[in-house]
Amino acid sequence: MKALYLTAALATALAVPSAAQQNQTTKQTMSEISAQTFVQKAGVSNQFEIQTSQLANQKSQSSDVKEFAQMMIKDHQKAGSELKSLVGQMKGEKLQVPSDLDAAHKQKLQLLQSAGNFDSSYKQMQIDAHQ
């Protein structure tokens, strides 16, 4: 049943233009984005959430931040597993779920690792990632 919902979400995401993209001069629709691009972005985002939250478990001084980080790890590991399962079910598509961060996310992770006020930086990254 969950795979059905994820499949429906993927189909909707690929078929419906986003508000941000409508404002772009190219007017590119989501249906023009390849399935591999979607899988790449979703996979990298999941890995980033997991890795930054694992770092929060190590560096945070706040029990609330650590509790939130644990929830993020659990949720994004589940989402990553569901993405891999969905990709495995897609016939005729040779999609690859990324196993590592891209350069931009690696840089953000490095900035977080060296942040002076870790909790504040982690919270801001979470806000930015989920808007």
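Let us begin at Ala56. Leaving aside residues up to four places away in sequence, Ala56 touches Val65, Lys66, Ala69, Phe118 and Tyr122. I should say at once that we are looking at a predicted model, and the contacts I describe are computed from it.

Ala56 belongs to the largest nonpolar core, which has 13 residues. Together with Leu112, Phe118 and Tyr122, Ala56 is among those with the most contacts inside this core. Which elements build the core? Two or more residues come from each of helix 3, helix 4 (63-89), helix 5 and helix 6. Helix 3 provides the largest share of this core, namely four residues. Another core lies apart from it, made up of five residues, including Ala35, Val39, Leu83 and Val87.

I turn now to helix 3 itself. Helix 3 contains 25 residues, and the distance from its first C-alpha to its last is 36 Å, close to the 36 Å expected at 1.5 Å a residue. Its buried residues include Ala35 and Val39 towards the start of the list, and Leu55 and Ala56 at the end of it. The buried set also holds polar and charged side chains, among them Asn46, Glu49, Thr52 and Ser53. What covers the buried residues of helix 3? The covering elements include helix 4, helix 5 and helix 6.

The next topic is the largest pocket, whose volume is about 410 Å³. Its lining consists of 13 residues, and those nearest the centre are Ser45, Glu49, Asp128, Ala129 and His130. Of these, Glu49 is also one of the buried residues of helix 3. By character, the lining divides into four nonpolar, six polar and three charged residues. At least two lining residues are supplied by each of helix 3 (35-59), helix 5 (103-113) and helix 6 (118-129). Helix 3 gives the most, with five residues. Helix 3 therefore gives the most to the pocket lining and also the largest share of the largest nonpolar core, by the helix assignment used here.

Finally, the chain as a whole. How many helices and strands does the protein chain have? There are six helices and zero strands, and along the sequence the pattern reads α-α-α-α-α-α. The protein chain has 131 residues, of which 29% are buried. Among contacts in the protein chain with a separation of 6 or more, 66% join residues 24 or more positions apart. The contacts of Ala56 with Phe118 and Tyr122, with which I opened, link helix 3 to residues within helix 6.

Note on methods:
Residues are numbered from 1 along each chain as its sequence is written. This is a predicted model: local features need pLDDT of at least 70, side-chain atom pairs count only at pLDDT 80 or more; totals for chains, interfaces and linings use all residues. Side-chain values use heavy atoms; hydrogens and water are left out. On a 1 Å grid over the protein atoms alone, a cavity is a set of points where a 1.4 Å probe fits but cannot get out, and a pocket is an open set with protein on both sides within 12 Å along at least five of seven lines; lining residues have an atom within 4 Å of a point. Grid points are joined across faces, edges and corners, and a volume is the space filled by probe spheres set on the points. A nonpolar core is a set of buried Ala, Val, Leu, Ile, Met, Phe, Trp, Tyr and Cys residues joined through side-chain atoms within 4.5 Å. Buried means under 20% relative accessible area, exposed over 50%, partly exposed in between (1.4 Å probe, protein chains only). Contact means heavy atoms within 4.5 Å. The expected span of a helix is 1.5 Å times one less than its number of residues.
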